[in-house]
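This report covers one bent helix and the charged pairs of a single model. The sequence and structure come next.

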Amino acid sequence: MRKKLQEYLPPILLSTYEFPLLCRAEQPELDALGAAAGETLKNQFVSTATERGIARYESIFGIAPRDTDTLEDRRFRVLTKGNAQLPYTLRRL
């Protein structure tokens, strides 16, 4: 997360004992949530998908990855499998 949780609180609350402790305890959870949201956004598109996203596309299309494949090879294989099923009709979609 770019901005820390403490920066959202008014200064009067930061002068107490509990609120800074709560912010420090919750900050890692919010950072993990932001990272997961960013990864989910990347995985929506094959060209930017991570290892986890490509593995999901491979399971959808029924592709078995080879041990020697790089991430780019796997992306290419997913894209060619998706393009082989063109044109998409409304019924198929």
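Helices (H or I, at least four residues) and strands (E, at least two) are DSSP runs, numbered from the N terminus. The model is predicted, with pLDDT of at least 70 needed for local features and 80 or more for side-chain atom pairs, while totals for chains, interfaces and linings use all residues. Residues are numbered from 1 along each chain as its sequence is written, and side-chain values use heavy atoms, leaving out hydrogens and water.

**Helix H2**

Helix H2 takes in residues 18-43, 26 residues in total, and its first and last C-alpha atoms are 38 Å apart. That is close to the 38 Å expected at 1.5 Å a residue, the expected span being 1.5 Å times one less than the number of residues. At Glu-26 the helix bends by about 35°; the bend is the angle between axes fitted to the seven residues ending at a residue and the seven starting there. A proline, Pro-28, follows Glu-26 within four residues.

The buried residues of H2 are Pro-20, Cys-23, Gln-27 and Asn-43. Buried means under 20% relative accessible area, exposed over 50%, and partly exposed in between (1.4 Å probe, protein chains only). Helix H1 (11-14) and helix H3 (51-61) are included in what covers these buried residues of H2.

**Salt bridges**

Side chains of opposite charge can pair when their charged atoms come close. A salt bridge here is a side-chain nitrogen of Lys or Arg within 4 Å of a carboxyl oxygen of Asp or Glu. The whole structure holds four of them, and the table lists three, including their N to O distances.

| Pair | N to O distance |
|---|---|
| Glu-58 and Arg-74 | 2.9 Å |
| Arg-77 and Asp-69 | 2.4 Å |
| Arg-75 and Glu-72 | 2.6 Å |

In the salt bridge of Glu-58 with Arg-74, Glu-58 belongs to helix H3 and Arg-74 to helix H4 (residues 71-83), so the pair ties together parts 16 residues apart in sequence. Glu-58 is buried at a relative accessible area of 4%, and Arg-74 is buried at 10%.

What is the exposure of the partners Arg-77 and Asp-69? Arg-77 is partly exposed at 23% relative accessibility, whereas Asp-69 is buried at 15%.

Arg-75 and Glu-72 are three residues apart in helix H4, which separates them by about one helical turn. Arg-75 is buried, its relative accessible area being 12%. Elsewhere, Glu-51, Glu-58 and Arg-74 are joined into one network by salt bridges that share partners.

How values were computed:
Contact = heavy atoms within 4.5 Å.
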